[in-house]
Structures are given as C-alpha cells and as structure tokens.
Amino acid sequence: MSEDNLYGREGELAAIGGVLDAVARGQRRLLVIRGEAGIGKTRLLAALQAEAAAQRFVVLDGRATELERDVPLVPVADALERRLPVTQEATLRELGPERLALLGEVLEGLPTSSAREGGASGPRASGTERWRLHRALGELLAVIGEGRPTALVIDDVHWADPATLELLEHLVRRPPPGAHLLALGLRPGPAADRLLAAQRSSAETTVVTIDLWPLERGAADGLLTGVAVEGERERLYAQSGGNPLLLQELARDGGARGVPGTIVAAVAAEAQGLPAAALALVEAAAIAGDPFDLDVAAGIAGLGPTAVLEALDVVTQHALVRATADPRRFAFRHPVVRTAIYEGIPAGARLAGHAAAARELAHAGAALPVRARHLAHAATRGDRAAAATLIAAS
C-alpha cells in the first residue's frame, strides 16, 4: 500500500493490507481505526479506500458529522445513495417490492419511490420495524456488490446519530453474506466501546482494531521538511505532541510562536460541542495550567464535587485531557490544545478565571510563584496584597 504522507504508519498500513487480503478471499472483517482528533484516521481510511478500489472492491464511504447528529442514518444513506446510480436496476429488484419500499423511506434513487402509506421517513419507533430496516439495508449491501468484495467505510463514527450506531451494531452482529468489510474511523469513547462489545457478542465477524498513537520523533521529521533548524523542529514536535495534523499546521504556519488560526478554530469547534459543565471545566483547566489540579479547575469553573466528576468523565471521553500519575492531576492531550482553548476564552472571562485561580491556590496554600503567575494576569491597580505576592515571588 502507498505510504505517501503517512510517515510512521508502516505497521498500520500493513495491517490494513492484511484485512483487505482476507476480505478478497471471501472473509468478513470489522476494522476499527481509533484515535484522537488529527492523529491520522481519515488518511488511513483514504489509503484503505484507494487500495480496495485498486483491488476492484465495491467501496462505499460516508462520514458522520456533529451537525447531523439529529438526522438518522445520514452517513450510511450517503454511502449507499452514491452507489445506486451505477447499480443495475434488475439487481436492486432482487430485493423485492416490500424491502424496496421499506428502503425507499430512507434512501433516494431506488427503482421504486412507493413508500408505504403513512410510513414515516427514517427508522421506525418499533424495535421490530427497525430490525426489518436493518436487515433490508444489510441485504442491499449484499446485492449492491454484485459478487465483488464490498467495503463500507464510515469516518467520524463518534459523531454518528443513534440510528446509525444501531445499524452498525446490527451489521457487526449479522453481517451481509459474502466478502464484506466494515471499516470505521472514530475517537476513543462510548461509540467505539459499544461497537467492539457488539463484535464480542457475535462470532460472525473478525475484528481488527488499530489504535493510533502520536508519531515518534523520527517519523515526525517527514512532516517538517520545510523547517530547516533542528531546534525549531524539536519545539514544533513538543508543541504538537506528535499529532500529525497539529504538526503540519504548526509547520505550515512558518514556525510562528502562536497557535495557527486553523488549530484554534478546530479545537474551539471540538470544545463547543461539549455540555456546558464540561466546557466550563476544560476552559478553567486551560487557565489553571498544564498539567492542572482538578480541584483548582473545579473552583475556577464553579463546579461542585459531583458536577466536576461528571464533567471530567465527558472531557476524558472526548480525549481533550488525560490522566497523570497523580489521581487528581490531569493534562491536556497536547500543549497546543490547551493553548488553543485558552486563546478562545473571551478576555474578560480569562481575567476572571485567573483571579479565581489565584484565590483557589491561596486557599490551598500553593507556592508563591504558582500564585504569582495568575496574579500577573488578574491583579488590579492598587491591589497591595497582589503586589506583595508578586514581589515576594520574583
């Protein structure tokens, strides 16, 4: 398989090649590519699709998006609808009028537009009706391949709507007959756990999981060819944490000391999708520092003991922060993520946050230099106590 722009992913590409070989021999596989935002899931899925197409697979691809989480089955419907125009009508009619009518409620481009009288668009509330729809979609996947190996590739499954997740679970437990690959890209969290649990309850499909980790320092150099100075490459690598997307954006920005606007926007979009308490916690953590003390961040955010633990569960599931050896200290997944979130906080809220951090640290008896970092932002004119702390810490 081609390794262009996939530095340091030779092992993962070899694993994908093995999966395709198995499906080409008539087997079924579930491939889960799992990792944080920007780590390279989409690039690996693109490499998989290119190789599968070269091997004459029927390749169907879709992508879940955060903005369509309330619309059922969008990524799967998109994948199937793009294939329908090149599928023989006689092949589709093998499904029979009842299944075609059922599928016509969620797909456009079928040889019949006659949905049932009074039928609702999208998956039904009844469990039996949803099962019938799932089975019909599985049978459509089987016939749409017309005897060739089929790959259904869905990216960003962590954003998938509940109906899509339910369908994917069904396809894992009861895969279409014949040579079939279901390839999914997603971040660690509940969606990944749910799909892997579905596979463990079924002997129908063999699962291959690829967990993507940050690039090693040597592999990262392949993305830094435009940065000539070794010290600058070291700085960019440390700032990115080995994340390929962050590394490329930092390098593209010419090695500037600030965080590129594209990264700020991407991290802001990721954070804004959080519930209110989780967003408050992650912004408070960005003010507190990296790594940060959970109790200090909770005080800045104004969250009580129960609320802060619930918010912590959310932000760790979204892989924005990770645990450290200290059970009440956490770190951002990359330094640049903390910086991007910090820069996205309005100026007034930032000043108030630093003032709250200084109060929390004083209450906890923190060292003067630690408190001084926040007072330098938050002290007001005439605040003699703050001035004394800053002088003592200098």
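The following exercises, with worked solutions, concern a predicted model.

Residues are numbered from 1 along each chain as its sequence is written. Because the model is predicted, local features need pLDDT of at least 70 and side-chain atom pairs count only at pLDDT 80 or more, while totals for chains, interfaces and linings use all residues; side-chain values use heavy atoms, with hydrogens and water left out.

**Exercise 1. Overall description**

Task: State the secondary structure content, box, burial and exposed area of the protein.

Solution.
- Step 1. The protein has 19 helices and eight strands, these being DSSP runs numbered from the N terminus (helices: H or I, at least four residues; strands: E, at least two).
- Step 2. Along the principal axes, the C-alpha atoms fill a box of roughly 85 × 50 × 35 Å.
- Step 3. Of the 394 residues, 49% are buried (under 20% relative accessible area; exposed is over 50%, partly exposed in between; 1.4 Å probe, protein chains only).
- Step 4. The exposed area is about 18100 Å², of which carbon and sulfur atoms supply 52%; it comes from the Shrake-Rupley method with a 1.4 Å probe.
- Step 5. Among contacts (heavy atoms within 4.5 Å) with a separation of 6 or more, 69% join residues 24 or more positions apart.

**Exercise 2. Helices α7 and α8**

Task: Determine how helix α7 and helix α8 pack, and which residues meet.

Solution.
- Step 1. Helix α7 spans residues 162–173 and helix α8 residues 190–200; their axes lie 8 Å apart at an angle of about 25°. Axes are lines fitted to C-alpha atoms, for helices over the stretch in contact, and angles run from 0 to 180 degrees between N-to-C directions.
- Step 2. The angle therefore makes α7 roughly parallel to α8 (under 35 degrees; over 145 is roughly antiparallel, 65 to 115 roughly perpendicular, the rest oblique).
- Step 3. The crossing of α7 over α8 is right-handed, the near helix being turned clockwise from the far one by less than a right angle.
- Step 4. From α7, Pro162, Leu165, Glu166, Leu168, Glu169, Val172 and Arg173 meet Ala191, Arg194, Leu195, Ala198 and Gln199 of α8.
- Step 5. By class, this contact of α7 with α8 has seven nonpolar, one polar and four charged residues. Ala, Val, Leu, Ile, Met, Phe, Trp, Tyr, Cys and Pro count as nonpolar, Asp, Glu, Lys and Arg as charged, and the others, Gly among them, as polar.

**Exercise 3. Helices α13 and α14**

Task: Describe the packing of α13 with α14 and the surroundings of Ala285.

Solution.
- Step 1. The axes of α13 (residues 276–288) and α14 (residues 294–301) come within 8 Å and cross at roughly 115°, in a right-handed crossing.
- Step 2. Ala280, Leu281, Ala284, Ala285, Ile287 and Ala288 of α13 contact Leu294, Val296, Ala297, Ala298, Ile300 and Ala301 of α14.
- Step 3. The contact of α13 with α14 has twelve nonpolar, no polar and no charged residues.
- Step 4. Ala285 is buried, at a relative accessible area of 0%. Leaving aside neighbours within four places in sequence, Ala285 contacts Phe292, Ala297 and Phe332.

**Exercise 4. Backbone exceptions**

Task: Locate the cis peptide bond and describe Arg56 and Asp156.

Solution.
- Step 1. Most residues other than glycine have a negative phi, and most peptide bonds are trans.
- Step 2. A cis peptide bond, with omega about 0°, joins Asp290 and Pro291; Pro291 is in the loop between α13 and β6 (292–293).
- Step 3. Arg56 has a positive phi near 65°, lies in the loop between α2 (41–54) and β2 (58–63), and is exposed at 53% relative accessible area.
- Step 4. Asp156 has a positive phi near 55°, lies in the loop between β3 (150–155) and α7, and is buried at 15% relative accessibility.
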